[in-house]
Amino acid sequence: MSAMSQQPTTGTTPYCYRHPDRETYVACQRCGRPICPDCMRTASVGFQCPECVREGAAQTRTARTAFGGRAGSQSPVATIILIAINVAVFVLVRATNGLGGDIGRNLIEIPSSDGYAPGLHLQGVAQGSYWQLVTSTFTHYDILHIAMNMIGLWIFGSFLEHELGRWRFLALYLMTGIVGSVAVYLLAEPHAAALGASGSVFGLFGAAFVVLLRQHRDVTQLVVLLVLNLFISFTVPNISWQAHIGGLLAGLALGGAFAYAPRQQRTLLHIAALSVVALACLAAVALRTATLTA
């Protein structure tokens with residue numbers, strides 16, 4: 001049986017509504033307009049015109065996870081892009097005299113450079129280099145440093161990007177990294193340099209913990225891994241525990257907001273939670289800057 005519907009013969013030859021010069025005897029199953037082979041779109045029954053196909057797609061609700069992500073198998077595009085940016089920054093810094101070069105010195109976070117090594121022409125956050133709160137989270141010391149952070153980003157990022165959706169995941173990554181940088185700004189020595197994506201990775205760690213709890217899944221291995229990483233943070237020299245703790249606490253807080261917000265107000269509450277954390281960071285930076293420059 002043919003799926004094509006024939007136009008009634010009324011003495012007038014039907015032509016495609018999008019291509020008036022093309023004779024056709026096939027009609028859209030939805031609106032009934034004649035369509036030529038180039039305009040046919042296969043439907044569940046017969047064919048539809050392009051407009052009806054677009055209208056039907058717009059009316060179809062996309063399946064979502066419990067936390068707002070798009071259900072189904074998707075590539076972790078945002079996670080891959082973040083890894084690529086980190087690697088690109090690492091290569092750029094290494095190609096321009098490393099962390100001792102002009103680019104490297106301007107990317108790492110230095111709370112305050114006032115009176116410190118003037119020959120290096122350093123400028124700290126307190127002196128106006130507020131971009132360091134972000135750029136330092138994409139800058140790494142060596143191959144081992146970036147490798148460990150990117151492994152963590154891939155493991156937790158792939159999971160959270162699927163569960164939360166791309167924009168929530170990206171906002172979580174950036175915000176927890178910034179909170180980690182702000183924690184360094186508040187708690188570290190003014191002349192201490194900090195760099196690395198570990199604040200963001202610890203933030204993803206915390207958010208993944210909350211999301212898994214919300215899903216009633218076993219978190220024993222995650223807790224063991226977290227305890228081990230916290231032990232390393234406080235016992236191994238030259239590790240910025242401030243960034244780790246700041247990122248972790250922010251990840252737990254935002255993860256809670258993302259995981260437990262009611263579905264009806266989900267997006268509004270998620271944006272509100274991110275806004276509250278951002279405002280808290282701005283206030284903390286303003287107060288610390290006033291203290292360091294007084």
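A residue is called buried when its relative accessible area is under 20%, exposed when over 50%, and partly exposed in between (1.4 Å probe, protein chains only). The model is predicted, so local features need pLDDT of at least 70 and side-chain atom pairs count only at pLDDT 80 or more, while totals for chains, interfaces and linings use all residues. Residues are numbered from 1 along each chain as its sequence is written, and side-chain values use heavy atoms, with hydrogens and water left out.

Select Arg105, which is buried at a relative accessible area of 17%. Now add Asp102, which is exposed at 53%. Their side chains form a salt bridge of 2.6 Å, N to O; the term requires a side-chain nitrogen of Lys or Arg within 4 Å of a carboxyl oxygen of Asp or Glu. Both residues belong to helix 3 (residues 102-107), three residues apart, about one helical turn. Helices are DSSP runs (H or I, at least four residues), numbered from the N terminus.

Next, select Glu161 and Arg166, whose side chains meet in a salt bridge of 3.2 Å, N to O. Glu161 is buried at 5% relative accessibility, whereas Arg166 is partly exposed at 37%.

Proceed to helix 8, residues 220-235. Its buried residues are Leu222, Leu226 and Ser233. They cover an arc of only 35° around the axis (taken from the directions from the helix axis to the C-beta atoms), and therefore lie on the same side of helix 8. On the face turned away from the buried side, select the exposed residues Gln221, Val224, Val227 and Phe231.

Definitions and conventions: Helices (H or I, at least four residues) and strands (E, at least two) are DSSP runs, numbered from the N terminus. The expected span of a helix is 1.5 Å times one less than its number of residues.
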